[in-house]
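Trainee: I would like to work through this structure slowly, asking about one part at a time. Could you reason each reply out for me and finish on the value or name I asked for?

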Amino acid sequence: MRIASQPAWILHVRPWRETSALVELFTRDHGRVGAVARGIRGPRRQPLRAALQPFSLVSTDLDLRGELARLDRAEALIAPLGLAGDALLAGFYLNELAVRLLPRHDPLPALFDRYGRTLAALGDTGLAWTLRRFERDLLDALGVLPPLDHDSLGEPLDPAARYRLDPEHGALRDRQLAAGSVSGAALLALAADREPPPGQLRELREAMRGLVSHHLGPRGLRSWGLLAEVAQMGRAP
């Protein structure tokens, strides 16, 4: 199937054979697509090679045949995003999360737009909140986000209570105040898209990581290791 002028975000690029590359794309109308860009090492293919950079929004021509497509054209639609420092690490995290969790060829246009807004927001303050919102919206788009405003019994969350966010059953009341529990106030803030104070943001980080880890399986994310190293220097989002 030929696809022309399809908007796509570049998620990941790696060399393949001597002159080609394997590219992971997040397309607007066809979801995550793996594609082969052939012969990009030659001088005549320099424009295509230059366009294949992570965090780039491109217009693509694709030939979908089986699991991998053939990428025939990619032209930049916007100027490359100049991410650096913590924002760059956060961008790598978003891309790795998308590559690992998004199913192939499953259109998610609302999440496609959310991804673009999230990348644009990485250069602003409030990096931790930006990441928590994307994690929430990604899991919601995949249909695996548990309710964030009521517990496993269907009762409204108590802002003053503590909960354990279970991937299968939702928010479970935690009367033992175990490590890793999250306040009802923090979950309600995430549900209402209202940025909570820093202490609750830290709780949400652990709660959302638990959900993400469950759906990733035993193999975690490489970017978590990078973020952990930065955290030791006191700079991690």
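Trainee: Over how many bridges do strand β6 and β8 pair?

Mentor: Before I reply, note that this is a predicted model, in which local features need pLDDT of at least 70 and side-chain atom pairs count only at pLDDT 80 or more, while totals for chains, interfaces and linings use all residues. Residues are numbered from 1 along each chain as its sequence is written, and side-chain values use heavy atoms, with hydrogens and water left out. Helices (H or I, at least four residues) and strands (E, at least two) are DSSP runs numbered from the N terminus, and two strands pair if DSSP finds at least two bridges between them. Strand β6, residues 162-166, pairs with β8 in the antiparallel sense, and the number of bridges is 2.

Trainee: Which residue in β8 is the bridge partner of Tyr 163, and which are the edge strands?

Mentor: The open sheet has 3 strands in the order β7-β6-β8, with antiparallel pairing. Its edge strands, each pairing on one side only, are β7 (170-173) and β8 (182-183). The bridge partner of Tyr 163 in β8 is Val 182.

Trainee: In what order do the strands of the closed barrel run?

Mentor: Neighbouring strands of the barrel sheet are turned against each other by 55° on average, direction ignored, where axes are lines fitted to C-alpha atoms, for helices over the stretch in contact, and angles run from 0 to 180 degrees between N-to-C directions. The barrel is closed, has 5 strands with mixed pairing, and runs in the order β1-β2-β3-β5-β4.

Trainee: How many residues of β4 are buried, and which residue in β5 stands opposite Asp 61?

Mentor: Buried means under 20% relative accessible area, exposed means over 50%, and partly exposed lies in between, with a 1.4 Å probe and protein chains only; by that rule β4 is mostly covered, as 8 of its 9 residues are buried. On one side β4 pairs with β1 in the antiparallel sense over 6 bridges, and Pro 7 stands opposite Ser 59 in β4. Strand β5 (residues 68-76) also pairs with β4 in the antiparallel sense, over 8 bridges. In β5, Val 58 faces Ala 76, while the residue opposite Asp 61 is Arg 73.

Trainee: Which residue takes a positive phi in the hairpin of β4 and β5?

Mentor: The hairpin has 2 residues between its strands. The positive phi there is near 75°, and the residue that takes it is Gly 66.

Trainee: Against which elements do the buried residues of α3 pack?

Mentor: Helix α3 (residues 109-121) has 13 residues and reaches 19 Å from first to last C-alpha, close to the 18 Å expected at 1.5 Å a residue, the expected span being 1.5 Å times one less than the number of residues. Its buried residues include Leu 111, Phe 112 and Tyr 115. Contact means heavy atoms within 4.5 Å, and the elements packed against are β1 (2-16), β2 (20-27), β4 (57-65), α2 (86-101) and α4 (127-141).

Trainee: Why is the pair of Trp 9 and Tyr 115 called edge-to-face?

Mentor: A search of the whole structure finds 5 aromatic pairs. Rings of Phe, Tyr and Trp (its six-membered ring) pair if their centres lie within 6.5 Å, and planes under 30 degrees apart count as stacked, over 60 as edge-to-face and the rest as tilted. The rings of Trp 9 and Tyr 115 have centres 5.5 Å apart, so what settles the name edge-to-face is the angle of their planes, 70°.

Trainee: Where do Trp 9 and Tyr 115 lie, and how many residues apart are they?

Mentor: Both Trp 9 and Tyr 115 are buried. Trp 9 is in strand β1 and Tyr 115 in helix α3, so that the pair links distant parts of the chain, and the separation is 106 residues.

Trainee: At what angle do the axes of α5 and α6 cross?

Mentor: Among the residues that meet, Ala 185 and Leu 190 belong to α5, and Gln 200 and Met 208 belong to α6. The axes of helix α5 (residues 184-191) and helix α6 (residues 198-216) come within 9 Å and cross at roughly 80°. Angles under 35 degrees count as roughly parallel, over 145 as roughly antiparallel, 65 to 115 as roughly perpendicular and the rest as oblique, which makes α5, relative to α6, roughly perpendicular. The crossing angle is therefore roughly 80°.
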